Amino acid sequence: MAFTEPNAMERLKYMQDAKTVAIVGASDNPSRASYFVATYLLSAAHFKLFFVNPKVDEILGQKVYKSLADIPEPVDIVDVFRKASDIPGVLDEAIAIKAKTFWMQLGISDDVSAERGVAAGLNVVQDKCIKIEHARFAGGLNLAGFNTGIISSKRNKSI
């Protein structure tokens with residue numbers, strides 16, 4: 001069975017139905033993408049966030065968990081900021097905690113794991129940023145420099 005990427009409306013439904021998101025590979029470094037995504041989701045989304053990183057104790061004032069299994073509540077979306085070779089192990093954890101959606105961030109994909117996740121009953125998203133997806137549906141792409149009007153398809157007559 002070949003993996004088929006969910007369309008935009010399916011991804012929107014995954015986010016609408018979710019109450020909790022675990023960010024695996026979350027970083028306390030403000031220059032990392034996972035930090036930026038966490039900051040956005042805390043301020044603009046309805047999700048309760050859990051951070052997972054075995055090397056950090058606190059991110060953005062919140063407790064960090066060593067593994068998905070340590071999170072004390074059900075997790076709806078597992079959002080992964082790990083290299084592709086780590087995906088099978090993180091997927092095993094997501095299946096074990098009965099997550100609903102396994103979301104691989106931009107630049108991360110693993111078709112074999114995606115197929116295995118779907119076979120285990122998970123929704124699977126590859127190579128997409130949950131922050132960008134949320135913002136495009138919530139009208140928030142203007143946050144943090146997106147949709148500033150600086151780049152436009154309209155011809156600038158002064159050039």
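**View 1. Strand E6, with buried residues on both faces.** Strand E6 is covered on both sides: Thr101 and Trp103 are buried on one face, and Phe102 and Met104 are buried on the other. The coordinates here are those of a predicted model. In a regular strand, side chains take turns between the two faces of the sheet. E6 spans residues 101-104, and helix H3 (residues 87-96) lies across this strand as well as across E1 and E5. Against E6, the helix runs at about 155°.

**View 2. Strand E5 and its partners.** Here we look at E5 (77-80), where Ile77 and Asp79 point one way and Val78 and Val80 point the other way. What is the burial state of these residues? They are all buried. E5 pairs with E6 in the parallel sense, over 4 bridges. Two of the residue pairings to look for are Val78 with Phe102 of E6 and Asp79 with Trp103 of E6. E5 also runs parallel to E1, and 4 bridges join the two. Val78 turns up again here, as the bridge partner of Ala22.

**View 3. The whole sheet, end to end.** Zooming out a little, the sheet is open and has 7 strands in the order E3-E4-E2-E1-E5-E6-E7, with mixed pairing. Which strands sit at the edges? They are E3 (58-59) and E7 (123-125), each of which pairs on one side only. Further in, E1 (residues 20-24) and E2 (residues 48-52) pair in the parallel sense over 5 bridges. Thr20 is a handy place to start on that pairing, since it stands opposite Lys48 in E2. For orientation, the chain has 5 helices and 7 strands in total, and they follow one another along the sequence as α-β-α-β-β-β-β-α-β-α-β-α.

**View 4. Asp76, a buried acid in a loop.** Asp76 is found in the loop between E4 and E5. Buried or exposed? With a relative accessible area of 9%, Asp76 is buried, because anything under 20% counts as such. The Asp76 side chain reaches the backbone nitrogen of Lys19 at 2.6 Å. Setting aside neighbours within four places in sequence, Asp76 is in contact with Asp17, Ala18, Lys19 and Thr20, and also with Ala99, Lys100 and Thr101. Thr101 is familiar from View 1, where it was one of the buried residues of E6.

**View 5. Phe50 and Tyr65, an aromatic pair.** A search of the whole structure turns up 1 aromatic pair. The ring centres of Phe50 and Tyr65 are 6.0 Å apart and the planes meet at 65°, so this pair is edge-to-face. The pair links distant parts of the chain, with Phe50 in strand E2 and Tyr65 in strand E4 (residues 62-65), 15 residues apart. Phe50 counts as buried, at 5% relative accessibility. Tyr65 is buried too, with a relative accessible area of 12%.

**View 6. Arg116 of helix H4 and its contacts.** Arg116 belongs to helix H4 (residues 111-119). At 32% relative accessibility, Arg116 counts as partly exposed. Which residues does Arg116 touch, not counting those up to four places away in sequence? They are Pro88, Leu91, Asp92 and Ile95. A polar atom of the Arg116 side chain lies 3.2 Å from the backbone oxygen of Pro88. As for Ile95, it is 21 residues from Arg116 in sequence, and the two are 9.8 Å apart in space, C-alpha to C-alpha.

**View 7. Helix H5 and what covers it.** Helix H5 covers residues 130-138, and its buried residues are Ile130, Lys131, Glu133, His134 and Ala135. What covers those residues? The cover includes helix H1 (8-17), helix H2 (33-44), E5 and E6. Just after H5 comes Gly139, with a positive phi of about 75°.

**View 8. The chain in overview.** To finish, some totals for the 159 residues, of which 43% are buried. Among contacts with a separation of 6 or more, 59% come from residues 24 or more positions apart. The accessible surface of the chain comes to about 8,900 Å², and carbon and sulfur atoms account for 53% of that area.

Notes:
Residues numbered from 1 in each chain as written. Predicted model: local features only at pLDDT ≥ 70, side-chain atom pairs only at ≥ 80, totals over all residues. Heavy atoms only, no water. Buried < 20%, exposed > 50% of the residue type's maximum accessible area, 1.4 Å probe, protein only. Contact = heavy atoms within 4.5 Å. Polar contact = N/O pair within 3.5 Å; in protein donor to acceptor, adjacent residues only side chain to side chain. Areas by Shrake-Rupley, 256 points an atom, 1.4 Å probe, with all protein chains shown as cover. Pairing = 2+ DSSP bridges. Axes fitted to C-alpha atoms, helices over the stretch in contact; angles between N-to-C directions. Phe/Tyr/Trp six-rings, centres within 6.5 Å; stacked < 30°, edge-to-face > 60°.
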